[in-house]
Amino acid sequence: MLKIGEDFVFEEDWSRRQSSLMYFEGDEDESPSWSVEIGFAKGNFNGEEISPSICINPIATDQQSAADLAGQSFSVRTVEESYDREDSFYIYEHEPMVDYALQIVEIKSDTAHIKCSGTLIVDGYARPYTTAGFEIDSWIPIIESVQDWQKFGL
């Protein structure tokens with residue numbers, strides 16, 4: 001579930017391969033990492049029908065498996081940091097976030113309980129750009145290889 005401001009709520013959309021916690025093992029040249037993408041079903045936002053989504057790019061970890069990621073967290077404190085990492089939130093188009101805090105609360109049955117909150121840019125063309133607070137509380141598939149999508153019928 002995604003909540004934007006006080007008035008707008010969106011449910012997860014598992015109909016496509018748009019939502020996942022991806023875990024990458026790494027190799028001798030790079031450390032393991034994880035990333036999060038969550039797509040949400042269409043809903044009303046300020047009188048318009050939108051399908052929001054969030055993309056948090058790879059985060060290095062010392063955990064040796066996806067099952068060990070429970071309790072991991074990550075945060076970004078500035079728009080510049082979000083922009084440099086190419087993390088984005090899609091409302092009308094992809095925009096960096098002002099700030100966010102992301103946590104993997106629990107791992108259970110090939111899914112991850114994710115919580116994320118922060119401030120997103122609603123309209124990057126406005127001067128100054130317009131923002132809104134957001135909160136995500138979702139269970140999403142854990143994907144470690146392309147074959148994992150089959151577990152979820154995707």
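Two strands count as paired if DSSP finds at least two bridges between them; strands are DSSP runs of E with at least two residues, numbered from the N terminus. The model is predicted: local features need pLDDT of at least 70, side-chain atom pairs count only at pLDDT 80 or more, and totals for chains, interfaces and linings use all residues. Residues are numbered from 1 along each chain as its sequence is written, and side-chain values use heavy atoms, without hydrogens and water.

**Exercise 1.** Find the bridge partners of Met22 in strand 4 and strand 13.

*Solution.*
1. Strand 3 and strand 4 (residues 33-39) run antiparallel and are joined by five bridges.
2. Within strand 4, Met22 has Ser35 as its bridge partner.
3. Strand 3 is also joined to strand 13 (residues 130-143), by two bridges in a parallel arrangement.
4. In strand 13, Ile143 stands opposite Met22.

**Exercise 2.** Place Asp13 in the chain, and decide whether Asp13 is buried or exposed.

*Solution.*
1. Asp13 lies in the loop between strand 2 (8-10) and strand 3 (20-24).
2. Buried means under 20% relative accessible area, exposed over 50%, and partly exposed in between (1.4 Å probe, protein chains only).
3. Asp13 has 13% relative accessibility and therefore counts as buried.

**Exercise 3.** List the residues that Asp13 touches, not counting those up to four places away in sequence.

*Solution.*
1. Contact means heavy atoms within 4.5 Å.
2. With that exclusion, Asp13 touches Ser19, Gly39, Phe40 and Ala41.

Methods. Helices (H or I, at least four residues) and strands (E, at least two) are DSSP runs, numbered from the N terminus.
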